[in-house]
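Trainee: I should like to take a close look at a single part of this protein. Please take one strand and follow it outward into its surroundings.

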Amino acid sequence: MSGNNRGSASILFMVVVLPFFFMLAVVGIELTQFLGAREEVRRIVDSEAKQSLSRPYPPSYLKERIASSTRHLRPYVEILDVTAHIGQGRGEIVVQGTFDGALNKFVGFLTQQRTDVLSFTISSAVRRAKTLALIVLDRSVGIGGARCGDKNLAIRAGFVSQVAKDLEAAGVDRVMVGVIPGIEDEVDILSVNDQVPRCAGGEDGSYFGVASLEGVEVDGTSDSVSIAYRATQLLLLTKGAGALEQRAIVMVSPPIESRSVAVPATFSLLEHEAARQSAKITAVGIVVGAERGRNFFEMHSGSESGRARYLHVSEDEVSGGNPGVALVHHIQGHTFISR
């Protein structure tokens with residue numbers, strides 16, 4: 001190649017090729033900056049969508065929260081509008097904004113004109129898992145206990161009623177409250193026309209009148225095997241509205257060791273059936289009352305797999321509401337994000 005040709009090639013490289021590669025690099029940096037900023041906004045919107053299920057913020061406040069969370073992205077990102085639709089167990093947040101990158105600002109500075117910005121829309125829909133829950137209340141009061149007016153039974157029943165209402169509010173597809181000992185079966189499901197006796201006093205506003213249930217004096221061990229089979233049938237054979245993603249059982253017992261044996265027996269059977277059917281089951285056993293240090297669960301069936309939890313709480317703790325809040329979150333805290 002002659003010297004003239006080499007000089008022409010060098011000039012062509014410097015005048016055409018080098019600026020072209022430079023522009024490609026600048027555009028690539030701008031695009032990377034835009035994608036990174038959009039992903040950061042998406043992360044913030046997903047987080048706000050999850051929180052919206054438990055804290056239904058108004059759209060105006062949501063816009064302030066999202067704008068505050070994206071302040072570190074300024075002056076490149078501006079949030080223009082936020083709309084939210086929050087329902088029972090599901091919600092959707094739509095965010096509209098603009099991106100004005102460094103390259104765009106530089107071009108505007110050179111031309112002394114306002115340049116067009118990039119607009120983006122991010123939609124984040126969140127929902128709770130499709131869940132069926134069974135709460136089993138042992139209404140035993142022990143020999144000499146009051147069938148109506150027993151303090152421990154009243155606390156347990158009030159706790160069950162509140163948990164049932166909170167689970168429904170959290171988006172659980174179906175909540176069933178069963179009682180043992182039953183009248184018609186080992187576990188009777190409460191309904192508007194069930195046969196479980198109630199104490200006089202009128203409507204108490206609790207879940208299917210669970211707070212006014214009549215207690216049963218017991219002096220022996222419960223038929224834990226029969227209770228376990230019936231509870232397992234109710235939990236696994238009951239259908240929900242559409243395909244269920246998980247099932248949960250909560251068993252609430254009095255501080256009577258002969259009655260709490262039904263809890264690990266039920267969880268043991270459920271552990272076997274869950275593995276056989278590849279079902280997701282969450283199990284929580286709770287004994288309310290009595291002094292600390294007593295062992296109401298000699299065996300913790302299912303705890304080794306993480307499916308079962310065993311709790312011994314005081315009457316004051318249950319009345320305070322914290323165990324109920326933690327229980328609802330444990331059962332219905334998982335969320336799914338879609339865009």
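Mentor: The following account starts from strand β8 and proceeds to its neighbours, the nonpolar cores and the disulfide.

The model is a predicted one. Mean pLDDT for the protein chain is 83, and 82% of the residues reach 70 or more. Confidence is highest in strand β6 (residues 188–189), at 96, and lowest in helix α3 (residues 102–111), where the mean is 60. Where pLDDT is low, the predicted coordinates should not be read in detail.

Strand β8 spans residues 281–288, and eight of its eight residues are buried, so the strand is largely enclosed by the rest of the structure. The burial applies to both faces: one side carries Ile281, Ala283, Gly285 and Val287, while the other carries Thr282, Val284, Ile286 and Val288.

Two strands pair with β8. Strand β7 (residues 246–253) runs parallel to β8 and is joined to it by seven bridges. With strand β9 (residues 308–313), β8 pairs in the parallel sense through six bridges. Isoleucine 286 illustrates both pairings: valine 252 stands opposite this residue, and its bridge partner in β9 is leucine 311.

Isoleucine 286 also belongs to the largest nonpolar core, which has 31 residues. Ile286 is listed there among the residues with the most contacts inside the core, together with Ile135, Leu137, Leu167, Val177, Val210 and Leu327. The elements that give two or more residues to this core are β4 (131–138), α4 (151–169), β5 (174–180), β7, β8 and α9 (322–332). Helix α4 supplies the largest share, seven residues.

Leucine 137 shows how such a core residue is surrounded. Beyond its neighbours within four places in sequence, leucine 137 is in contact with Arg156, Ala157, Val160, Gly178, Val179, Ile180, Val210, Leu213 and Val252. Apart from this core lies another, of 26 residues, including Val136, Val263, Phe267 and Ile281. Ile281 brings the account back to β8, since this residue is one of those on its buried faces, so β8 is again seen as largely enclosed.

Finally, there is one disulfide. It is formed by cysteine 148 and cysteine 199, whose sulfur atoms are 2.0 Å apart. The link is left-handed, with -95° about the S-S bond. Distant parts of the chain are thereby connected: cysteine 148 lies in the loop between β4 and α4, and cysteine 199 in the loop between β6 and α5 (224–237), 51 residues apart. Cysteine 148 is partly exposed, at 42% relative accessibility, whereas cysteine 199 is buried, with a relative accessible area of 15%.

Conventions. Residues numbered from 1 in each chain as written. Predicted model: local features only at pLDDT ≥ 70, side-chain atom pairs only at ≥ 80, totals over all residues. Heavy atoms only, no water. Buried < 20%, exposed > 50% of the residue type's maximum accessible area, 1.4 Å probe, protein only. Helix = DSSP H or I, 4+ residues; strand = E, 2+ residues; numbered from the N terminus. Pairing = 2+ DSSP bridges. Core = buried A, V, L, I, M, F, W, Y, C linked by side-chain atoms within 4.5 Å. Contact = heavy atoms within 4.5 Å. pLDDT = per-residue confidence, 0-100. Disulfide = S-S within 2.5 Å.
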